[in-house]
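Colleague: Could you take me through this model and tell me what stands behind the terms you use?

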Amino acid sequence: MVRLITHNLLACHAKGCTSNNFPLKLQDVAIEVREAEFNPDFVRGFLPRLEWKALVQAARELGDTSLPEEMPEMVDDGFLKNLHHVLLEIHIDEGAMICPNCGHTYPISNGIPNMLLAEHEIG
Amino acid sequence: MTSQYLFVFAQAHAEFRIPELLSIAELYSISIQFGVEDLSKLDVSRPFMVLGLDSEEDARKLARRCILIKSVHDFWASGSTYEELHDCTRRNQHLWQKYVKDTSFKFRVDAHNHSIPQRRQRDVMESFDYMNFLGEINMKAAEIELCVYEECMYTYPDKHGTTRHKLEGDGQFIAVYFGKLIEEGTARPLLTKFDVKKRSYFGNTSMEAEISLLMANQTLASPGKLVYDPFIGTGSMAYTTAYFGAYVYGSDIDGRQMRGKGSTPGILRAASQYGVAERIMDLCTFDVTRNPWRCGEMFDAIITDPPYGVRAGAKRLGRKKPFDDQPYIPPTKPYELSALAVDLVCLARYMLKPGGRLVFFLPTVNEDYAEIDIHSLLCDGMEIVANSLQDFGSWGRRLITVKKTTAEKFPPPTFDTVPASADATAAFDTPQHIPAHKDFREKYFQGFKKEDADKPEASPVGNVAGSLAALRILGDVTPNEQTTVLDRSL
Ligand SMILES: C[S@@+](CC[C@H](N)C(=O)[O-])C[C@H]1O[C@@H](n2cnc3c(N)ncnc32)[C@H](O)[C@@H]1O
Ligand SMILES: [Zn+2]
């Protein structure tokens, strides 16, 4: 926690921050790898929801280079296993996510990101 | 080929029985013959039902997953007297003929809400002698168990049989059933497993085990699905949903509800206790009306017990230490229940995959409730699947199951629903119905008095402290009213 699947689903939502607000930049992160049961159907089913470039970039920043630059057209088991690992097994326990556009900092502590906005940031 | 099966149900949450059966039947593609056209005509106050199924395997699947099933049986006979029962058993010899020759067996003679004295149990067993079972009677390891159930007339109103003598009314029943046990309801013991009192982390908003399990079943939770609780609190429904195999996302405006004390978040500690920590996908702190989800159509189901009375507005007063989101109490503004419910359905339409389900509780004033209250929550593409009342007397809460029946794309909700009001509806020639759940919190505190009532009625729980305690059933406590989150592990 925060897993990379989650990082791929969260965007800055501060007032007026509607473009270039994704992906959030990872800062000072402490990660841990924890094994998760492999469910190929889940991973395959989630592909259409992913922002691929953001995922690859986040994985590489955290030292995992197993994913190809482009989402492959043919999806085999080996690929799904790598994707499973990246999406579900890498956890960010401490650190922060920062909006590339407005600079808002979303801190992560004990694996829970605080996505609350400040008063002046509410639309 | 369809055969008939005798189901024995728990005498609890009667209105949840059929929705649960239908949900699990849908999950496993089982077809159930109820024997009536209109399911609302079924008498769910009675613990026994005879249902048609395609196979014994289907009966087992239901018994392993439905919380309200106590046991399922091959149905052989029923009657309003033993004479009738035996006639029926004889007529149905083809159903039991194959066990006559050499199958070891034992009998179970039971009455619902009554214990039959041993002597009479023996008499009942002997009255089946004509079946001529040649196998041995084996009390420990019988191959089959033959079950006789008397449906006592003392079910209502004397529910627990406490005020009458043990033997009073023995032998008086409205029906008696006979069949062969197929499977005990193995999901029912989950009530004990998920008992809140035995949980390493819980709080005053935690949802009781039985309801959390029933809710999870309404979501059709199963491996590989992704389910979301946007008001996750201490996570009660996350555990049951994850237990059935689904991944669960949770969020809450109040991080303390999810964390408790200690470094490992409380929800993860409780999830570990149930062996499902790994299926808690992630927990996030945010106001769902100001949510950071990048896209919609992600979830197979949304399961939630919304806060009914306050909207914790997402406001922050500036943090002294940037990495400290410890006790921060956001100022709140009212979030009127009828508006919240409309927003929730709309959010679900955006966040659910086509075919996905929203399962949530809506408290309401029983006397004023009308079916339109629920229909007025819906938007295009969202349809009611089930609506079951948990009755607390003058008020109750309804477990609503809504299905997204459209594949059309919708924008995220704007959360600016204006609650229905008498003023607004007066503008129409025909005044609109004001939902009974509108301003539920206020009505609750007033003891559901009508404004024009001449006589003051007693508050439903007697006093304000009592009201507060009962409102906690609804988890409707503002941070100020909140007592500390209970944390067993510390
Ligand atoms: C009825 S409780 C849910 C209880 C939960 N089922 C449990 O097992 O503890 C409602 C929760 O909604 C949260 N809440 C209230 N307003 C919210 C909002 N605008 N956004 C997100 N969460 C909110 C409260 O902090 C509370 O934990
Ligand atoms: Zn931003």
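Modeller: Happily! In this predicted model, an oxygen atom of ligand 1 sits 2.6 Å from an N or O atom in the side chain of B:Ser236.

Colleague: Why is the approach of ligand 1 to the side chain of B:Ser236 called a polar contact?

Modeller: A polar contact is a pair of N or O atoms within 3.5 Å; the pair with B:Ser236 is at 2.6 Å, so the term applies. A nitrogen atom of ligand 1 is also 2.8 Å from an N or O atom in the side chain of B:Asp287, and a nitrogen atom of the ligand is 3.1 Å from a polar backbone atom of B:Ile253.

Colleague: How do you know how much of ligand 1 the protein covers?

Modeller: On its own, ligand 1 has 600 Å² of accessible area, and the protein covers 97% of that. Such areas come from the Shrake-Rupley method with a 1.4 Å probe.

Colleague: What makes a residue count as near ligand 1, and which come nearest?

Modeller: One of its heavy atoms must lie within 4 Å. There are 24 residues around ligand 1, and B:Thr205, B:Thr234, B:Ser236, B:Asp252 and B:Asp287 come nearest.

Colleague: What does "buried" mean for chain B?

Modeller: Buried means under 20% relative accessible area (1.4 Å probe, protein chains only), and 57% of the 490 residues in chain B are buried.

Colleague: Any conventions to keep in mind?

Modeller: Residues are numbered from 1 along each chain as its sequence is written, with chains lettered from A and ligands numbered from 1 in the order written. Local features need pLDDT of at least 70, side-chain atom pairs count only at pLDDT 80 or more, totals for chains, interfaces and linings use all residues, and side-chain values use heavy atoms, leaving out hydrogens and water.

Methods: Buried means under 20% relative accessible area, exposed over 50%, partly exposed in between (1.4 Å probe, protein chains only). A polar contact is a pair of N or O atoms within 3.5 Å; within protein, one must be able to donate a hydrogen and the other to accept it, and residues adjacent in sequence count only if both atoms are side-chain atoms.
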